[in-house]
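Reader: I should like a close look at a single part of this model, namely the surroundings of the bound ligand and the positions annotated for it. Please set out the answer as one connected account.

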Amino acid sequence: MADNGLKPDDSQPHSGPNTAEKNAPTIATLDDLAKLANYSLLEALNCDPDATSDGVDHNPRQVFSGHYVPVKPTPIENPEYVAHSKDFFQELGFADSLAQSETFLRLFSGNMSQVPGPMRDRGWACGYALSIYGTEYTQQCPFKTGNGYGDGRAVSILEAVIKERRWEMQLKGGGRTPYSRGADGRAVLRSSVREFLAQEHMHALGVPTSRSLSLYVSKSEKVKRPWYSEGSHSLDPDRLVLEPVAISTRVAPSFIRVGQLELFGRRARKNEHPQAMEELRKLVLHLMNREYSQVIDTSLNFEEKILLLAGEFRGRLTSLVANWIRVGYCQGNFNSDNCAAGGFTLDYGPYGFCQAFHPYFQPWTGGGRHFSFFNQPMAAERNFHMFCSALRPLLQKHSDAVVQLDKIQEGFAEVMQTELEKMWAAKLGLNTFNTELFSELVRLMMQTPIDYTLFFRELSNLPDTIEPLKKSFYTEAMPKSDSQQFDARWADWITQWKSLITERTLQLSRNEISSQMKCVNPKYTLREWQVAPAYQQAGDGDYTLLREIQDIMTQPYAEQSKEVDDKYYRLQPAAFFEVGGLSHYSCSS
Ligand SMILES: Nc1ncnc2c1ncn2[C@@H]1O[C@H](COP(=O)(O)OP(=O)(O)OP(=O)(O)O)[C@@H](O)[C@H]1O
Ligand SMILES: [Mg+2]
């Protein structure tokens, strides 16, 4: 395996500069960043042999082989700075001033014409396959073959090793690529603000995710998207809206998706061309290098590495989905092409955070029950099966390894269940999962509509009665006649739960239990009715609210001021239920 340019263990303290010096920005200019360019993907993988070398390759076409197509992004017109992630800038050692510097803005709004060397002056897009809940689709591209499907508006522009970690930087909305399928390759400000805020929020919530680097909007270029009139109760958007285009940059160790492995797995399985098996092998080795180098020993033989990879991805994916449920996140569209092979959250399209609890909460009207809140473990299992199927052709001559891979695949549900039980126990402040207590809680949470975030946060104060929890009840939605009966059942539930907490106080103080609970039950989560005014105001050039939300939502577990609580630690107002664009969306791009 190629050297990935990383030290074996980057969690070790480094000798050398003291902390203050270490935290000082080391990347103050684009030249500083360009020097760190290091393109493992371009070096290890195959370029599409039919690609034009200038990267001006924007028309939809079939890409039959190769892992990537060189693409020059199309810059947005008259770009203006909207936001950058201060936290992530600091982690990377970027000076804040960089975000508003002319050269950085130019590059990260899609203009690669003047990049300093050794950074390259073109980016790349990758093809991938799509499976929806475990069923392969090849009809979704204009050619009905699946060969024209992939990064249709995502263009990677840089891979760099920064502070001993490898990062890929990808523009979203960077214009057309051969995979754009007749669409414009653009993202609008609305969806870019949503993704930008959500990525950093999820990171702060402790959920593995792609990160947000920067966000720029065009002051003159607009595109039309179907969207909702204000207050519309329609399921589908009822009008076309002209919206400003934007480019956000997201960053991750790699952007390899399960769908990408599937594409190459399918070609190898069907022996579509002479290099198909070799291309699959290369991609899998590259994935190990990019995402699993700390856990896959390079001296092992290939079959052993594949089994380790499958086991490790299973661990990451199950833990990821348990975390999603912990924080109330519903991805909405958990197809294999939105499932990062590194096991982190990717593609914040029709996502939403659960407010009024329902196990089948699903903000995307096209997502159905299969991608709904509590069904995410099943959707993840389907994606995991597709991942294993893509690896299988590589084990053709090793029947023992195939049996072991099958076992890893079959074991998904059990590992998932263990993760979920661990997570629920932690949310409830307990050491072990109690089936009876949990089942009754879910029944109660369905009968008494509760606010998912508020409920668990209030519970973290270890109340003795249900009174403090009522802050989280959507009482208006409750049938009055039943409320006394529900109160009695809630009181029983609290008594049972408290007796388990009391048992736990033999090992931990009440304060310790409460603070542990507050580390897993966030106080603030993104609520769509609060994000909508932020992107609306941003459309008018006012970024104040966006930045306020950014500040608050990057400290989601902290107790913040009373003003913040009054505004953000509260139920969704009744007027926003069932409103298009707030409680549901049929399209989000
Ligand atoms: N405006 C657009 N122009 C071109 N391609 C698009 C556009 N919107 C979506 N696509 C492509 O359609 C496919 C499905 O869209 P989906 O909403 O899952 O992805 P996305 O939000 O664009 O991208 P990602 O998964 O990269 O975050 C993706 O391959 C995407 O690249
Ligand atoms: Mg997607």
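Author: The account below begins at the ligand and then turns to the annotated positions.

The model is a predicted one. Around ligand 1 there are 14 residues, of which Gly152, Arg153, Ser180, Ala183 and Asp347 come nearest. By class, this shell comprises 7 polar, 5 charged and 2 nonpolar residues.

An unreviewed UniProt entry lists as "binding site" the residues Gly150, Gly152, Arg153, Lys172, Asp184, Gly185, Arg250, Arg257 and Asp347. Gly152, Arg153 and Asp347 thus appear both in that record and among the residues that come nearest to ligand 1.

Gly152 may be taken as the starting point. Its place is the loop that links strand E5 (135–137) to strand E6 (154–162). Gly152 has 21 other C-beta atoms within 10 Å and therefore counts as buried, the threshold being 20 or more. Beyond the residues up to four places away in sequence, Gly152 touches Thr177, Tyr179, Ser180, Arg181, Ala183 and Gly185. Two of these contacts, Ser180 and Ala183, are also named among the residues nearest the ligand, while Gly185 is itself in the "binding site" list of the record.

Lys172, another position on that list, belongs to strand E7 (residues 165–172). Lys172 is buried because 24 C-beta neighbours lie inside 10 Å. With residues up to four places away in sequence left out, Lys172 touches Arg153, Ala154, Ala187, Ser192, Glu195, Ile247, Ser248 and Arg250. Arg153 and Arg250, both in contact with Lys172, are likewise listed as "binding site" by UniProt.

The remaining annotation to consider is the "active site", for which UniProt, again in an unreviewed entry, lists Asp337. Asp337 sits in the loop between strand E11 (329–330) and strand E12 (352–353). With 25 other C-beta atoms within 10 Å, Asp337 is therefore buried as well. Apart from neighbours within four places in sequence, Asp337 is in contact with Tyr128, Leu130, Arg257 and Gly259. Among these, Arg257 connects the two annotations: Arg257 is a contact of Asp337 and also a listed "binding site" residue.

In summary, the annotated residues examined here, Gly152, Lys172 and Asp337, are buried. Gly152 and Asp337 lie in loops between strands, whereas Lys172 lies in a strand.

Definitions and conventions:
Residues numbered from 1 in each chain as written. Chains lettered and ligands numbered in written order. Predicted model: local features only at pLDDT ≥ 70, side-chain atom pairs only at ≥ 80, totals over all residues. UniProt positions renumbered as here; feature names shortened; annotations may be inferred. Helix = DSSP H or I, 4+ residues; strand = E, 2+ residues; numbered from the N terminus. Buried ≥ 20, exposed ≤ 12 C-beta atoms within 10 Å, placed from the backbone. Contact = placed C-beta atoms within 7 Å. Near = placed C-beta within 6 Å. Nonpolar A, V, L, I, M, F, W, Y, C, P; charged D, E, K, R; others polar.
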